[in-house]
Amino acid sequence: MADDEEAPHFNLFVDEWVPVVYLDGRCEEVSIETLLRDSCRIREIGGDSKQQDLPILRLALAIL
């Protein structure tokens, strides 16, 4: 690998990957950092299926 190439990486805390629905109805993917910061404005964690929502919530609670 060349010196100027960076290895692919993904940071669960700052990269956007958590699907949420805000109180105003808009759907977005946010980072864990944004999820915790905007928690008072988020209505629900809205994954592709309900089986994904609980593990994401448990991860956020473990970070808290």
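Patches are made of residues with over 30% relative accessible area and no salt bridge, where like charges are joined within 9 Å and nonpolar side chains (Val, Leu, Ile, Met, Phe, Trp, Tyr) within 5 Å. Accessible areas come from the Shrake-Rupley method with a 1.4 Å probe, and for residues only the protein chains shown count as cover. A salt bridge is a side-chain nitrogen of Lys or Arg within 4 Å of a carboxyl oxygen of Asp or Glu.

The model is predicted: local features need pLDDT of at least 70, side-chain atom pairs count only at pLDDT 80 or more, and totals for chains, interfaces and linings use all residues. Residues are numbered from 1 along each chain as its sequence is written, and side-chain values use heavy atoms, with hydrogens and water left out.

**Exercise 1. Find the residues that make the nonpolar surface patch, and place F13 in the chain.**

Step 1. Look for F13, V14, L59 and I63: together they make a nonpolar surface patch of about 310 Å².

Step 2. Now follow the chain to F13, which sits in the segment before β1 (18–22). Helices (H or I, at least four residues) and strands (E, at least two) are DSSP runs, numbered from the N terminus.

Step 3. Check how open F13 is. Buried means under 20% relative accessible area, exposed over 50%, and partly exposed in between (1.4 Å probe, protein chains only). F13 has 35% relative accessibility, so F13 counts as partly exposed.

Step 4. See what touches F13 and V14. Contact means heavy atoms within 4.5 Å. Leaving aside neighbours within four places in sequence, E33 is in contact with F13 and V14. E33 belongs to helix α1 (residues 32–37) and is partly exposed at 36% relative accessibility.

**Exercise 2. Describe the order of the elements and the overall form of the protein.**

Step 1. Count the elements: the protein has 2 helices and 3 strands.

Step 2. Read them from the N terminus, and the order is β-β-α-β-α.

Step 3. Compare the radius of gyration, taken over C-alpha atoms, with the globule rule, which is 2.2 Å times the number of residues to the power 0.38. The protein has a radius of gyration of 14 Å, well over the 11 Å that the rule gives for 64 residues, so it is more spread out than a compact globule.

Step 4. Add the spans: along its principal axes the C-alpha trace covers about 45 × 25 × 25 Å.

Step 5. Finish with the surface. Of the 64 residues, 25% count as buried. The accessible surface comes to about 4,900 Å², and 53% of that belongs to carbon and sulfur atoms.

**Exercise 3. Work out how β1 and β2 are joined, then visit V21.**

Step 1. Two strands pair if DSSP finds at least two bridges between them. Here 4 bridges join β1 to β2 (residues 27–30), and the two strands run antiparallel.

Step 2. Pick out one facing pair: V18 stands opposite V30 in β2.

Step 3. Trace the turn. The two strands form a hairpin with 4 residues between them, and G25 in the turn has a positive phi of about 95 degrees.

Step 4. Move to V21, which lies in β1. V21 is buried because its relative accessible area is 12%. Not counting residues up to four places away in sequence, V21 touches R26, C27, I42, R43 and E44.

**Exercise 4. Which residues are linked in a network of salt bridges?**

Step 1. Begin with the idea: side chains of opposite charge can pair when their charged atoms come close. A search of the whole structure finds 6 salt bridges.

Step 2. Start at R26, whose side chain meets that of D24 in a salt bridge (3.1 Å, N to O). R26 also meets E28 in a salt bridge (2.3 Å, N to O).

Step 3. Put these together: D24, R26 and E28 are linked in a network.

Step 4. Check how open each one is. D24 is exposed at 58% relative accessibility, R26 is partly exposed at 39%, and E28 is partly exposed at 32%.

Step 5. For another pair, turn to D38 and R41, whose side chains meet in a salt bridge (2.5 Å, N to O). D38 counts as buried at 8% relative accessibility, whereas R41 counts as partly exposed at 43%.
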